[in-house]
Amino acid sequence: MNDIRPTRLPRTDARFPGLRRRGFLAATSGAVGLGALALAGCSSSGSTDTAAKGGGKPQRGGRLRAAFAGGGASETLDPHASNLFADVARAKALFDKLADYGADLSAQPRLASGWEAGAGLDRWKVTLRKATFHDGKPVTAQDVLYSYRRITDPKRAFRAKADLEPVDLEASRALDERTVEFVLKRPTAGFPNVLAAFGAYIVPEGAEQFDRKPVGSGPFRFVSFAPGKSAVFRRNTDYWDGAPHLDELEIVVANEESARVNALLGGQVEYAHELNPTTGRAHEGKGQIEILRLRNSGMQAFAMKTDRKPFDDRRIREAFFLIADREELVQGALSGAGEIGNDLFGKGYEYYADGLPQREQDLDRARSLLKKAGAEDLTVTLDTSPVAAGFPEAASIFRDQAAKAGVTIKVRTGSKDSYWTDILDSGTLCSYRSGAMPIETHLSQRLLTASTTNATHWRHKDFDALYQQAQSTKDTGQRTAVYQRMQRRLYAEGGFLIWGFADWIIGTARTVRGVETDAPANSLDWARFDKVWLA
Amino acid sequence: MSGLTAWTARRLLLGAAQTAAVVLLVFALTEALPGDAAVALAGDQPDPARIAVIRESMGLDRPALERLADWTSGLLHGDLGTSLASGRPVSTYIADGFGPTLLLATLTVLLLVPLSVGLGVLAARHEGRLADRLVSSVTLGLYAVPEFACGVLLITVFAIRLQWLPPTAVGYGTELIAHPAALVLPVLVLLSRPVCTLARLVRAGMIDALAAPYAAQARRYGISGARVRYAHALPNAVTPATQQLARTIDWLLSGVIVVEALFVIPGLGTVLINAVAERDIPVVQGLAVVFGVLTVVLNTGADLVARRFAPRGEVAA
């Protein structure tokens, strides 16, 4: 679940995958494994949709103002403390990571020009490209080690700390100016994902203060920052990936969705992040503004606790998979802005098992499974909360669907401020959702015995062993086979009833070009303003 | 005048006690909310180990009473504490949020007083006739429109359709004064409801006052109608309105959350909402103190003014 929770006014909360309360991106956790990269938020992976791209030859100049939901006076420019979508957008303008996620959530080289694993997959040599910080100093291996040590400082709680857990920073060292040798605690085939982890930005050695005059290696230089209000950046002409087209970028904060839309319509901003489906429909194709949909962003699910009654019986879990009318859930709870799921996380991402048949509603089979399990008059409590938009709606739709199979669902609405903690260990069935992250991260954070946010209480030694096997497998084809095997098992008897994937909706002025739509939130091309221009 | 001094001192003392009570109550209520700052910060990745680290680094693992004692002793030294979420001093949160809120409140009050008194007097002078009926029904109707709806409507018409005014103050931050056009719609929304209550109170007070024996007596002395109205009747008529005005100012200063959210004005209301959602208790407490003190001072001031205008009014302390 990763969330991002922007605003707090309940009224607005009714939007999309949660993103609406102040957005903490959730990252983290996963002490196990790999890079737990949690990225947060709803994100999306998208497939291309509208037309903001293209639009001819890039032009230089101008200031783009982008509105995000933010965190008010507590916001910081410390890239390691990033929590919100707005934080990430700002961090991305000023800083770089060694790697970042592509559209399929696989790691793409950024500051690292490449990486090479040792035979045992527990030593990785990472080469840095030639890049300089805004003060003219080169980005060196020492800066990388300093940044990672800062993130993993045991006295702090930076989000990427858990993602960097596989790295033994004591033993890791700089081989030369631009080569780092990372020593890992165990074989980790997914190590590049660690480099792309949410919040794992590279800052200059010794940097501690970021609100005054942050120095990064990113495409924009710092101009000014007022927490909760506005951050202004100027193009970095020396950027290693090519100078941005824009002269200036301003990131402004408006928590209310209607305020972001109005500012966009009124010409006060040129880019508005996180719009809700009704806004999207109202303005799509009307010519006033462009609506972009980042498809397949937020995973929408119900989580069954597999270690307790009634869901410790896999026949009952399967019956629940068959009760769901996914299309109706997408139409009702997501206002149609999304697509149906197949009980597996990460549709379209690297390693996704797309060969499995799409699950359809089958009430007869569900009833017979329930009968075989001796649970014909089953009554279950479904925990939900307005913590993410669509949750209460999905819960009541599912309650009605279950009634047709003879299952009584009682919907219980909990506090949205402590929801994620509350559902972790209590209850049996709950509303759940997640932002984009690599599939292996989803597995390591939520589905291993030692996972710290294992909401389905899925704990199987053989499943853990498969995961370790995948991480120790150098050959991509073989590794994919192992991941698919794990997914087939989840599809057959897992605890996540993943019924849909929500679109992420962005609005831009008609003059804005070059916005990538095939970009889940928190992936490289999402909120990436160095490739955007004003026509 | 010594009676008045004693009365004022008593009022202020009572006010201090009320403020302390408000702060304690706020502390207790925030403690009672499910989840603390660590849980709120962890969001949907509630890794228990991370929550424990956050909790420890915030000092949330200490007993509530100890934290309250620390905070109170800091307060006595004028230190409002530091935010749990950002580590910045609470006073900067309040100082930053106060500017925009104060600006909006001042502008609103500057327009509100003449407008509502004018409308009230106008309606009272034409009691029962067209002007009165017009004023009365428009104010009643306007009062029924919630601020959010009113704001959305004004934005749609004046900002999006006609494009006369900017729809929000996004990105202007605290330098609102440099963008006066962005203030027009928020001030209109803020005015919309108070102007109705005040105008109706002034109208009712004015009708009573003009019908009172002293007004008739004044007229018999041959004093001009305008003088009777403004020098004799109005002071009595505005007494209840003064107290309502104090409550309105208080409401404006406490941050008008809806208006701030709709127009993206980073005032006290925004600070409060963020702080509550983050369970940022020091910030919530700091705001509670400020709001408590403001309420007490404003109401005391209003009572003083009311006593001055209508000494026989036996204004309740």
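This dialogue goes through the chains of a predicted model, taking one feature at a time.

Reader: Where should I begin with secondary structure, and how many helices and strands does chain B have?

Author: A sensible start is to count the elements and then to read their order along the sequence. In this predicted model, chain B has 13 helices and zero strands, and its pattern along the sequence accordingly reads α-α-α-α-α-α-α-α-α-α-α-α-α. Chain A also has 13 helices, but to these are added 21 strands.

Reader: Which domains does the assignment give for chain B, and how far apart do their C-alpha centres lie?

Author: One reads the bounds before turning to the placement of the parts. Domain 1 of chain B covers residues 35-79 and domain 2 covers residues 94-266, and the C-alpha centres of these two domains are 42 Å apart. As a frame for that distance, the C-alpha trace of chain B spans about 85 × 60 × 30 Å along its principal axes.

Reader: What share of each chain is buried?

Author: Here the cut-off matters, since a residue is called buried when its relative accessible area is under 20%. By that criterion, 49% of the 317 residues of chain B are buried, while in chain A the buried residues make up 65% of 535. Helix α1 of chain A, residues 85-94, offers a local case, with ten of its ten residues buried; among them are the charged-type residues A:Asp87, A:Arg90 and A:Lys92, alongside A:Phe85, A:Val88 and A:Leu94.

Reader: How should I read the accessible surface, and what part of it belongs to carbon and sulfur atoms in each chain?

Author: The total area and its split by atom type are best taken together. Chain B has an accessible surface of about 14,600 Å², with 68% belonging to carbon and sulfur atoms, whereas chain A exposes about 16,800 Å², of which carbon and sulfur atoms supply 47%.

Reader: How many charged side chains does chain B have, and how are the two sets placed?

Author: Counts and positions are separate questions, and both deserve a look. Chain B carries 23 positive and 21 negative side chains, and the centres of these two sets are 20 Å apart.

Reader: What do the contacts say about separation in sequence?

Author: For contacts in chain B between residues at least 6 apart in sequence, 73% join residues at least 24 apart; for chain A, the corresponding share is 73%.

Reader: Which span of chain A does UniProt list as a domain?

Author: An unreviewed UniProt entry lists residues 108-438 of chain A as "domain: Solute-binding protein family". In the model, that span is 25% helix and 26% strand, and its end C-alpha atoms lie 12 Å apart.

Conventions. Residues are numbered from 1 along each chain as its sequence is written. Chains are lettered from A and ligands numbered from 1 in the order in which they are written. This is a predicted model: local features need pLDDT of at least 70, side-chain atom pairs count only at pLDDT 80 or more; totals for chains, interfaces and linings use all residues. Side-chain values use heavy atoms; hydrogens and water are left out. Domain bounds come from an automatic or database domain assignment. UniProt positions are given in the numbering used here, feature names are shortened, and annotations may be inferred rather than shown by experiment. Helices (H or I, at least four residues) and strands (E, at least two) are DSSP runs, numbered from the N terminus. Buried means under 20% relative accessible area, exposed over 50%, partly exposed in between (1.4 Å probe, protein chains only). Contact means heavy atoms within 4.5 Å. Accessible areas come from the Shrake-Rupley method with a 1.4 Å probe; for residues, only the protein chains shown count as cover. The place of a charge is taken as NZ of Lys, CZ of Arg, CG of Asp or CD of Glu.
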